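Below is a protein model, shown with its sequence. Some questions about its fold, its cores and its charged pairs come after it.

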Amino acid sequence: AITSLSRALTGDARVADVGALLWTILRSVLPCETMAIFLPDIESDEITMRYAAGAHAASLRNVRCATGTGIVGWVAVNLRAAVNAEPSLDLGYRVAEATPALRSCLAVPLVEGETLVAVLALYRTARGAFSEDQARLIELLAPRLATSLATAALAEQTLEQPAAASPALTLVRRTAVSI
């Protein structure tokens with residue numbers, strides 16, 4: 001967390017740095033066992049897990065959801081929070097592997113302007129563990145989180161691309177779907 005904070009202060013933060021800071025702060029304010037940050041990937045038309053922390057972080061590695069499917073895919077397209085959604089919609093068999101099993105998900109879109117930057121997903125082992133007030137709290141923080149993550153994602157893209165290429169933050173089309 002200290003390394004992440006120092007990178008953030010110097011403007012060199014990566015998605016993992018923002019995630020580590022968010023996890024450190026968020027879990028003291030809003031109880032949850034696990035947190036994940038999903039970013040849109042326009043090329044594959046998927047939402048991909050880019051950072052996970054907490055007791056079940058290993059179960060979330062390499063999770064990808066087609067845009068519009070599952071919890072995070074639905075949140076990404078509809079730009080609305082999902083409160084107490086069923087984690088198995090995104091995690092499938094991985095939910096059963098976690099001990100104790102994850103039973104509730106709060107997923108919130110992180111939007112900057114009209115651009116979906118990420119979906120923040122929090123997980124609990126109890127059913128119905130999240131309240132509407134907790135969702136509103138995350139929604140209040142969402143614009144600042146989106147800005148931080150957009151800056152971090154852009155910095156990562158810049159490092160990964162040749163100097164001549166200009167990086168562009170990926171967008172997710174806004175088409176309503178139901179799950």
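The questions and answers below deal with this predicted model.

Q: In what order do the helices and strands of the protein chain run from the N terminus on?
A: The protein chain of this predicted model holds seven helices and six strands. Read from the N terminus on, these elements run α-α-β-β-α-β-α-β-α-α-β-β-α.

Q: What share of the residues in the protein chain is buried?
A: The protein chain exposes about 8,900 Å², with carbon and sulfur atoms supplying 54% of that area. A residue is buried when its relative accessible area is under 20%. Of the 179 residues, the buried ones make up 48%.

Q: Among contacts with a separation of 6 or more, what percentage joins residues 24 or more positions apart?
A: One pair that ties together parts distant in sequence is Arg-124 and Glu-33, which are 91 residues apart. Over the protein chain, residues 24 or more positions apart account for this share of the contacts with a separation of 6 or more: 55%.

Q: Which element gives the most residues to the largest nonpolar core?
A: The largest nonpolar core has 31 residues, and Met-35, Ile-37, Leu-120 and Leu-122 have the most contacts inside it. Two or more residues each come from helix 2 (15-29), strand 1 (34-41), strand 2 (46-54), strand 5, strand 6 and helix 7 (132-160). With nine residues, the element that gives the most is helix 7.

Q: How many residues are in the second, separate core?
A: Ile-37, in the largest core, touches residues including Leu-22, Tyr-51, Leu-120 and Leu-149. The second core is separate and includes Ala-36, Phe-38, Leu-116 and Tyr-123. Its number of residues is 25.

Q: How many residues of helix 4 are buried?
A: Helix 4 spans residues 70-78 and is mostly covered. Its buried residues include Ile-71, Trp-74 and Val-77, and also Gly-70, Gly-73 and Asn-78. Just after helix 4, Leu-79 takes a positive phi of about 55°. The count of buried residues in helix 4 is nine of nine.

Q: Is Arg-124 buried or exposed?
A: Arg-124 is found in strand 6 (residues 115-124). Leaving aside neighbours within four places in sequence, Arg-124 is in contact with residues including Pro-31, Leu-102, Arg-103 and Phe-130. The relative accessibility of Arg-124 is 18%, and the cut-off is under 20%, so Arg-124 counts as buried.

Q: Which residue forms a salt bridge with Arg-124?
A: Side chains of opposite charge can pair when their charged atoms come close. For Arg-124 the closest N and O atoms of the pair are 3.1 Å apart. The partner is partly exposed, with a relative accessible area of 23%, and lies in the loop between helix 2 and strand 1. That partner is Glu-33.

Q: Which residues are joined into one network by salt bridges that share partners?
A: The count of salt bridges comes to six. In one of them Arg-64 pairs with Glu-46, the closest N and O atoms being 2.6 Å apart. Arg-64 lies in strand 3 (residues 64-66) and Glu-46 in strand 2, so the pair ties together parts that are 18 residues apart in sequence. Arg-136 and Asp-133 form another salt bridge, at 2.3 Å, but the network joins Asp-41, Glu-46 and Arg-64.

Q: How far apart in sequence are Arg-136 and Asp-133?
A: Both residues lie in helix 7. Arg-136 is partly exposed at 43% relative accessibility, whereas Asp-133 is exposed at 52%. An α-helix has 3.6 residues a turn, so residues three or four places apart point the same way. The separation of Arg-136 and Asp-133 is about one turn of the helix, or three residues.

Q: Which helices give two or more residues to the nonpolar patch on the surface?
A: The patch is formed by Ile-25, Val-29, Leu-137 and Leu-141, with about 330 Å² of accessible area together. Leu-137 is found in helix 7 and is partly exposed. The elements that give two or more residues are helix 2 and helix 7.

Q: Where does Asp-45 lie?
A: Asp-45 has a positive phi of about 55° although it is not a glycine. At 27% relative accessibility, Asp-45 counts as partly exposed. Its place is the loop between strand 1 and strand 2.

Terms used
Residues are numbered from 1 along each chain as its sequence is written. This is a predicted model: local features need pLDDT of at least 70, side-chain atom pairs count only at pLDDT 80 or more; totals for chains, interfaces and linings use all residues. Side-chain values use heavy atoms; hydrogens and water are left out. Helices (H or I, at least four residues) and strands (E, at least two) are DSSP runs, numbered from the N terminus. Buried means under 20% relative accessible area, exposed over 50%, partly exposed in between (1.4 Å probe, protein chains only). Contact means heavy atoms within 4.5 Å. Accessible areas come from the Shrake-Rupley method with a 1.4 Å probe; for residues, only the protein chains shown count as cover. A nonpolar core is a set of buried Ala, Val, Leu, Ile, Met, Phe, Trp, Tyr and Cys residues joined through side-chain atoms within 4.5 Å. Patches are made of residues with over 30% relative accessible area and no salt bridge: like charges are joined within 9 Å, nonpolar side chains (Val, Leu, Ile, Met, Phe, Trp, Tyr) within 5 Å. A salt bridge is a side-chain nitrogen of Lys or Arg within 4 Å of a carboxyl oxygen of Asp or Glu.
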